[in-house]
Amino acid sequence: MTVIALLMAAGSGQRFGAAQPKQYLPLLGRAVLRHAAEALLAGGGVAAIQPVCAAGEEARVAALLEGLPALPPVVGGATRQASVRAGLEALARRDEPPAAVLVHDAARPVVPAGTIPALLAALATHPGAIPAQPVADTLKRAEGGVIGGTVPRAGLYRAQTPQAFRFPALLAAHRSTTAEATDDAQLLELAGAEVALVPGAETNVKITFPEDLARVEALLMTRLIPRIGTGFDVHRTEPGRRMVLCGVEVPCEFGLEGHSDADVGIHALCDAIYGALAEGDIGRWFPPSEMRWKDADSALFLRHAAGRIAARGGVLANADVTLLCERPRIGPHREAMQARLAELLGVAPGLIGVKATTTERLGFTGRGEGIAAQAAAMVLLPMG
C-alpha cells in the first residue's frame, strides 16, 4: 500500500508569538518542520512527503526538505481544512494516487515509535484512524470567568497527528462537505464513517507556545550522545598575502601559504568536526589537488562541516580554537572571530571559543615561520 504523508505547514502560528511561523523555528539546529518530516519517514511505511505551505514559502520549504523524498510544495488555503483539501487534490492529480494518506502537523516534530504502524494496521478495518490520549485532567466549563460546571471526562480523548486515512475516503469527505471541521477525522465522522483510535503518546507534542518548544528540545536532547573531535593544522607564513584567521581578515605584513585562503583556524575546526562525526578530515572533502578550491574562502569548508552535522541529525554543543603564533595579535580580533565562526556554524557566539598563545619564541611558530591551530568540537548525535 503506497502511503504519502501530507505535512501541514501553511499556518501562521500567531499564538506562539515569534517573528516567523513556528514550523520554521530552529530546534537543535534544524527547523521544526524538518524534524517533523524526518519523524514521519522514520516511523515506517511512508513513501514520500507532500508539504503544504503558505503562498511565497514554497522555496523555503523545498530547501528545508532537501535530501528527503519530498514532493514539490503545494500552496494551502485560508483554513487548515482548505489546506488539506489542496494537498489531497494535488495527490489526486498524480498518475498513481496513494492508497492511504497521513495528515500531520508540521508543528509536531516527534512521532513516537509504533504510531504509524498502528495507524496503518487500523486502516485494514476502518477508513480512518487517529492517535489519541485519554483525558486525565478534570475538565471545567467556564461561564463568565468562573466555573459553570464539571464535564465528565469518561470516554474523552485528545486527538493527535499524524491521522491516517484511506485516500479515496478522505478525498471524498473533503469534496462532499461544506462544514468546517477541527480535524480530518471529524469529516469522516460527519459522513457516518467509523474512525479507529490507536494509542497516542505524551511525547507527541504540538508546539503551540514557547514552553512547548523548550519541552520538545529537552525530550530530543535525551536521545543524543556526545561525540568529541580534535583538529590540528599548520600553514607557513607568506609575505604579501592577506592574513585570514577564523574567518576574519587581520591586518598583517604577511599571510599564510596554502591552496585555499589558508585559514588555519577554520581548517583545524573543520577537522575537529569531521573527527567527531568520524568522517575523515578536510582533505577528504576538499582535496588540495583540485583546482576549484584554489584560493577558496574557507567559510565554504566550515559551512559544509556544519551541514554534515545537520545531515546526521546532530547539533554542535560547543567548539574551541587555539591559535599558536607570535604575530599577529589575536586579542583585538577575538570577538569578531567568535562571531564569524558562530555565523558560519549557525550557532550562538557563546558556544564558540577562540584564543591564542605563543610558544615563547620556540620552534617554527616562535621564529615566525608559520602559524598553527588546534581545535576541539563536541557534537551531539542521535543514538544508534
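A search of the whole structure, which is a predicted model, finds four aromatic pairs. Tyr274 and Trp285 form one that is stacked. Their ring centres are 5.9 Å apart, with 25° between the planes. Tyr274 lies in helix 8 (residues 264-277), and Trp285 lies in helix 9 (residues 282-285). The pair therefore ties together parts that are eleven residues apart in sequence.

Are the two partners buried or exposed? Tyr274 is buried, because its relative accessible area is 0%. Trp285 has 24% relative accessibility, so Trp285 counts as partly exposed.

Phe286 and Trp293 form an edge-to-face pair. The ring centres are 4.9 Å apart. The planes meet at 85°, and edge-to-face needs an angle over 60 degrees, so the label fits. Both Phe286 and Trp293 are buried. Ring pairs also bring in Phe301: together, Phe286, Trp293 and Phe301 make a cluster.

A ring can also have a charged neighbour. Arg60 lies over the face of Tyr24, at 3.8 Å from the ring centre.

**The fold as a whole**

The protein has twelve helices and 19 strands. Its C-alpha atoms fill a box of roughly 85 × 55 × 35 Å, taken along the principal axes. Of its 384 residues, 48% are buried. Take the contacts between residues at least 6 apart in sequence: 70% of them join residues at least 24 apart.

**Helix 7**

Helix 7 covers residues 210-221, twelve residues in total. At 1.5 Å a residue, helix 7 should span 16 Å. Its end C-alpha atoms are 17 Å apart, which agrees.

Which residues of helix 7 are buried? They are Asp212, Leu213, Val216, Leu219 and Leu220. Seen down the axis of helix 7, the buried residues fall within an arc of 125°. They therefore line one face of the helix. What do they pack against? Their partners are strand 2 (26-27), helix 1 (32-42) and strand 13 (224-239).

**Cysteines without a bond**

How many disulfides does the structure hold? The count is zero. Cys252 shows why in its own case: the closest cysteine sulfur, in Cys325, is 8.8 Å from the sulfur of Cys252. A disulfide needs the two sulfur atoms within 2.5 Å, so that gap is too far for a bond.

The surroundings of two cysteines can be set side by side. Cys53 has a relative accessible area of 0%, so Cys53 is buried. Cys252 counts as partly exposed, because its relative accessibility is 25%.

**Unusual backbone spots**

Most residues other than glycine have a negative phi, and most peptide bonds are trans. Four places in this model depart from that pattern. The table gives the angle and the place of each.

| Site | Backbone feature | Place |
|---|---|---|
| Thr161 and Pro162 | cis peptide bond, omega about 10° | Pro162: loop between strand 10 (157-159) and strand 11 (163-166) |
| Arg327 and Pro328 | cis peptide bond, omega about -5° | Pro328: loop between strand 17 (315-324) and helix 11 (334-345) |
| Ala278 | positive phi, about 60° | loop between helix 8 and helix 9 |
| Arg361 | positive phi, about 65° | loop between strand 18 (352-357) and helix 12 (363-366) |

Now look at the two positive-phi residues. Are they buried or exposed? Ala278 has a relative accessible area of 61%, so Ala278 is exposed. Arg361 is exposed too, because its relative accessible area is 63%. The loop of Ala278 also links back to the rings. Ala278 sits between helix 8 and helix 9, and those helices hold Tyr274 and Trp285.

**Ile147**

Ile147 lies in strand 9 (residues 146-151). Its relative accessible area is 58%, so Ile147 is exposed. What does Ile147 touch, not counting residues up to four places away in sequence? Its contacts are Lys140 and Arg141.

Compare its position with that of Phe301, from the ring cluster. Ile147 and Phe301 are 154 residues apart along the chain. Their C-alpha atoms are separated by 61 Å.

Methods
Residues numbered from 1 in each chain as written. Predicted model: local features only at pLDDT ≥ 70, side-chain atom pairs only at ≥ 80, totals over all residues. Heavy atoms only, no water. Buried < 20%, exposed > 50% of the residue type's maximum accessible area, 1.4 Å probe, protein only. Helix = DSSP H or I, 4+ residues; strand = E, 2+ residues; numbered from the N terminus. Expected span 1.5 Å × (residues − 1). Arc of directions from axis to C-beta. Contact = heavy atoms within 4.5 Å. Phe/Tyr/Trp six-rings, centres within 6.5 Å; stacked < 30°, edge-to-face > 60°. Lys NZ or Arg CZ within 6 Å of the ring centre and 35° of its normal.
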